Amino acid sequence: AGGGAGGAPPAYAVLELFKLPRPMRDGWLGPLRGEYGEYLKASEARAALMAYVRERELEPADDRRAVVVDEQLRRHVYRSRRRSGASKQERRDARREAKAHDADFPALPGSAPGPGAAAAAAAAS
């Protein structure tokens with residue numbers, strides 16, 4: 001029943017596969033398929049990206065290790081490390097609410113005032 005040569009168990013390999021975003025895979029990189037269909041081995045993904053970089057001359061002539069990131073690469077490949085969480089505006093709003101809350105509730109006797117107390121005192125004067 002399904003063994004390797006001489007009755008040995010079949011050999012298995014653990015592969016790291018990548019699935020590129022659809023606009024990249026089916027759009028601007030062209031119809032891209034690897035040995036495992038739309039799932040690419042690291043070498044296949046790298047080869048496709050480097051072909052894109054070379055085709056659009058995004059490698060500076062003085063440093064072949066660098067790549068100029070164009071809009072397509074920025075949008076689909078490069079992502080900020082802070083993928084989730086509050087946006088700057090949401091964090092700013094939360095700080096404003098905390099300051100307003102601190103101004104509404106004065107510090108207890110013997111405790112340190114909250115971070116918004118100084119701003120509230122400055123705004124009151």
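Confidence in the predicted model averages a pLDDT of 74 over the protein chain, and 68% of the residues reach 70 or more. The lowest mean in the chain, 57, is found in helix α5, which covers residues 117-124, whereas α2 has the highest, at 88. Where pLDDT is low, predicted coordinates should not be read in detail. The description of α5 (residues 117-124), with its mean of 57, is therefore to be treated with this caution.

The protein chain contains five helices and two strands. Along the sequence, these elements follow the order β-α-β-α-α-α-α. Of the 125 residues in the chain, 14% are buried. The accessible surface amounts to about 9900 Å², and carbon and sulfur atoms account for 55% of this area. When contacts in the chain are considered between residues at least 6 apart in sequence, 22% of them link residues at least 24 apart.

The largest nonpolar core has 13 residues. Within this core, the residues that touch the most other members are Leu-20, Trp-28, Leu-29, Leu-32, Tyr-52 and Leu-73. Two elements, α1 (22-28) and α2 (42-55), each supply two or more residues to the core. The greatest contribution is that of α2, which provides five residues. In soluble globular proteins, nonpolar side chains tend to be buried together.

The surroundings of Trp-28 illustrate how one core member is placed. Apart from neighbours within four places in sequence, Trp-28 is in contact with Pro-23, Tyr-52, Arg-56, Gln-72, Leu-73 and His-76. Two of these partners, Tyr-52 and Leu-73, are named with Trp-28 among the core residues that touch the most other members. Another partner of Trp-28 is Arg-56, a residue that is partly exposed at 35% relative accessibility.

Six salt bridges are found in a search of the whole structure. One of them joins Lys-41 to Glu-35, with 2.8 Å between the closest N and O atoms. In this pair Lys-41 is partly exposed, at a relative accessible area of 25%, while Glu-35 is exposed at 53%. A further salt bridge connects the side chains of Arg-56 and Glu-55, at an N to O distance of 3.0 Å. Here Glu-55 has a relative accessibility of 59% and counts as exposed, whereas Arg-56 is partly exposed. A salt bridge is also present between Asp-63 and Arg-65, with N and O 3.4 Å apart. Arg-65 is exposed, with 78% relative accessibility, and Asp-63 is partly exposed, with 27%.

The loop between α2 and α3 (71-76) holds Glu-59. The same loop also contains Glu-57. How accessible these two residues are can be compared directly. Glu-59 counts as buried because its relative accessibility, 13%, falls under the 20% limit. Glu-57 counts as exposed because its relative accessible area, 69%, is over 50%. With residues up to four places away in sequence left out, Glu-59 touches Met-50, Val-53, Arg-54, Arg-64 and Ala-66. As for the backbone, Glu-57 is not a glycine, yet its phi is positive, at about 50°. Most residues other than glycine have a negative phi.

Further features lie toward the start of the chain. Leu-15 is located in the segment before β1 and is partly exposed, with a relative accessible area of 43%. Together with Leu-17, Tyr-36 and Tyr-39, Leu-15 forms a nonpolar patch on the surface. The accessible area of these four residues comes to about 350 Å² together. Pro-21 occupies the loop between β1 (17-19) and α1 and has a relative accessibility of 28%, which means that it is partly exposed. Between Pro-21 and Glu-38 there is a separation of 17 residues in sequence. In space, their C-alpha atoms are 10.0 Å apart.

Terms used
Residues numbered from 1 in each chain as written. Predicted model: local features only at pLDDT ≥ 70, side-chain atom pairs only at ≥ 80, totals over all residues. Heavy atoms only, no water. Helix = DSSP H or I, 4+ residues; strand = E, 2+ residues; numbered from the N terminus. Buried < 20%, exposed > 50% of the residue type's maximum accessible area, 1.4 Å probe, protein only. Contact = heavy atoms within 4.5 Å. Areas by Shrake-Rupley, 256 points an atom, 1.4 Å probe, with all protein chains shown as cover. Core = buried A, V, L, I, M, F, W, Y, C linked by side-chain atoms within 4.5 Å. Patch = residues over 30% accessible without salt bridge, like charges linked within 9 Å, V, L, I, M, F, W, Y side chains within 5 Å. pLDDT = per-residue confidence, 0-100.
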